[in-house]
Amino acid sequence: MPILVNLDVMMAKRKISAGELAQKVGITPANLSILKNNKARAVRFSTLEEICRVLDCQPGDILQYIPEDPSRD
């Protein structure tokens, strides 16, 4: 998938654990883990907004677009 979620980097910068972030955002630790490990197929804007609010960051700080290599098809 060409969208990478770099939550680990921002969480480390803000010194916040996954459990604490999940609690403050209002999602389960399991759902945060799915997002954090790039297993999510989608993310609600409301969840993204809460993550950005809690981490005091912009969506671009945690989401990264990586174009797929067309030669891998």
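This is a short talk on how the helices of this chain pack together.

Okay, a bit of housekeeping. What we have is a predicted model, where local features need pLDDT of at least 70, side-chain atom pairs count only at pLDDT 80 or more, and totals for chains, interfaces and linings use all residues. Residues are numbered from 1 along each chain as its sequence is written, and side-chain values use heavy atoms, with hydrogens and water left out.

Let's start with the annotation. UniProt, in an unreviewed entry, puts "domain: HTH cro/C1-type" on residues 7-62; those positions are in the numbering used here, the feature name is shortened, and such annotations may be inferred rather than shown by experiment. Across residues 7-62 we get 70% helix and 0% strand, and the C-alpha atoms at the two ends sit 5 Å apart. When I say helix or strand, I mean DSSP runs, H or I of at least four residues for helices and E of at least two for strands, numbered from the N terminus.

Now, helix α1, residues 7-14. Which of its residues are buried? Leu 7, Met 10 and Met 11 are, where buried is under 20% relative accessible area, exposed is over 50%, and partly exposed is in between, using a 1.4 Å probe and protein chains only. Those three cover an arc of only 100° around the axis, so they're on the same side of α1; the arc is taken over directions from the helix axis to the C-beta atoms. Over on the other side, Ala 12 and Lys 13 are exposed. The cover for the buried residues of α1 includes β1 (3-5), α2, α3, α4 and α5.

One of those partners is α3, residues 29-36. It packs with α1 at an angle of about 115°, axes 9 Å apart. Here axes are lines fitted to C-alpha atoms, for helices over the stretch in contact, and angles between N-to-C directions run from 0 to 180 degrees. From α1, Leu 7, Asp 8 and Met 11 meet Leu 32, Leu 35 and Lys 36 of α3, contact being heavy atoms within 4.5 Å.

Right after α1 comes Lys 15, in the loop between α1 and α2. Its phi is positive, near 55°, and it isn't a glycine. Lys 15 is exposed, at 75% relative accessible area.

Next up, α4, residues 45-55. Its buried residues are Thr 47, Leu 48, Ile 51, Cys 52 and Leu 55. Looking down the axis of α4, they fall within an arc of 135°, so they line one face. On the other side, Phe 45, Glu 49 and Arg 53 are exposed. The buried set packs against α1, α2 (18-25), α3, α5 (59-62) and β2 (63-65). Then Asp 56 follows α4, with a positive phi near 50°.

In the loop between α3 and α4 you'll find Asn 38. Asn 38 also has a positive phi, about 60°, without being a glycine, and it's partly exposed at 35%.

So what's in the middle? The largest nonpolar core has 18 residues, and Leu 7, Leu 21, Ile 51, Leu 55 and Ile 62 touch the most other members. By nonpolar core I mean buried Ala, Val, Leu, Ile, Met, Phe, Trp, Tyr and Cys residues joined through side-chain atoms within 4.5 Å. Which element gives the most to this core? That's α4, with 4 residues.
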